[in-house]
Amino acid sequence: MLRWLFRCVLKLLMLPLALAAAVLLITAALELCTDALAAGHCHAAVSECRQGDVAVVLGCSPTVKGLPNKYFTGRMDAAAELWKSGRIRCLIVSGDNREKYYNEPLYMTRALVSRGVPEDKIVRDHAGLRTYDSVVRAQRIFGADKMTFISQPDHVERAVAMARFMGMDAEGLEAPDRIVRRSVRLKQWLRERAARAAMLLDLLTHHRPHHLGAPVKLPQ
């Protein structure tokens, strides 16, 4: 009886360890695959970016708890700098607009115009509900053949890896990462790991974006 009880307790203790080991292995595999797909295609400086691309600026909220969102500011600064360098012909601002009073593409357009980007060179993608949707729509709806994604390093690496896995000619520009609080960094790191797991599922199942629609011509 004691031996049976001991075995039961041992099995109960081993189960969480086995699950933790599986999660760690999957996370490590996702990191290696993402790094391999994006290697050499993500740039920290505008001077390293290619000529002739369409920039795809990935959306986020301009504020967090009523305060300016440093991630948003960093992306807008990087996008404006890339435009002023003459390396891109237009920008797609892709984000969430599911709610009446929340419009990421509009917020990004205003921020870029205030930084000197001509409004007629900005195209709004109101159906970029997820990074995967933004990536697929950049090619299938907007017809972008060469694209440079703009976001913070981890996020842009995932977008580039996703696009290149699907056969797109994608590069990335890493926006400044100005978050300094450890708690915020940890939260973002965990969120990104979960997003990479979702990315794997999307790619393996050829997930269809929430919205597609008619093609949209980009400005020249």
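This tour visits a few places in the structure, from the whole fold to single residues and then to the surface.

**The whole chain**

Begin with the entire protein in view, bearing in mind that the model is predicted. Colour the chain by secondary structure: six helices and eight strands should be found. Followed along the sequence, these elements come in the order α-β-β-β-β-α-β-α-β-α-β-α-β-α. Of the 220 residues in the protein, 44% are buried. Among contacts with a separation of 6 or more, 74% join residues that stand 24 or more positions apart.

**First stop: Leu82**

Select helix α2, residues 70-84, and within this helix pick out Leu82. Is Leu82 buried or exposed? Leu82 has 0% relative accessibility and therefore counts as buried. Next, display the residues around this side chain. Apart from neighbours within four places in sequence, Leu82 is in contact with Val46, Cys49, Ala55, Arg87, Ile88, Thr148, Ile150 and Leu173. Now add Ser47 to the selection: Ser47 and Leu82 are 35 residues apart in sequence, and their C-alpha atoms are 8.6 Å apart in space.

**Second stop: Ser151**

Move to strand β7, which covers residues 146-151, and select Ser151. Ser151 counts as buried because its relative accessibility is 0%. With neighbours within four places in sequence again left aside, the contacts of Ser151 are Leu58, Arg75, Val156, Leu173, Glu174 and Ala175. Leu173 deserves a second look, as this residue is in contact with Leu82 and also with Ser151.

**Third stop: the surface and Lys65**

Switch to a surface display. The protein exposes about 12,300 Å², and carbon and sulfur atoms supply 62% of this area. Select Lys65, in the loop between β3 (63-64) and β4 (67-68). Lys65 counts as exposed because its relative accessibility is 85%, over the cut-off of 50%. Which residues gather with Lys65 in a patch of positive charge on the surface? They are Arg181, Lys187 and Arg191.

**Last stop: Leu190**

Finally, select helix α6, residues 182-205, where Leu190 lies. Together with Leu186 and Trp189, Leu190 makes a nonpolar surface patch of about 320 Å². The relative accessibility of Leu190 is 48%, so this residue counts as partly exposed. To end the tour, show both patches at once: the positive one with Lys65, Arg181, Lys187 and Arg191, and the nonpolar one with Leu186, Trp189 and Leu190.

Technical notes
Residues numbered from 1 in each chain as written. Predicted model: local features only at pLDDT ≥ 70, side-chain atom pairs only at ≥ 80, totals over all residues. Heavy atoms only, no water. Patch = residues over 30% accessible without salt bridge, like charges linked within 9 Å, V, L, I, M, F, W, Y side chains within 5 Å. Areas by Shrake-Rupley, 256 points an atom, 1.4 Å probe, with all protein chains shown as cover. Salt bridge = Lys/Arg side-chain N within 4 Å of Asp/Glu carboxyl O. Lys, Arg positive; Asp, Glu negative; His and termini not counted. Charge placed at Lys NZ, Arg CZ, Asp CG, Glu CD. Helix = DSSP H or I, 4+ residues; strand = E, 2+ residues; numbered from the N terminus. Buried < 20%, exposed > 50% of the residue type's maximum accessible area, 1.4 Å probe, protein only. Contact = heavy atoms within 4.5 Å.
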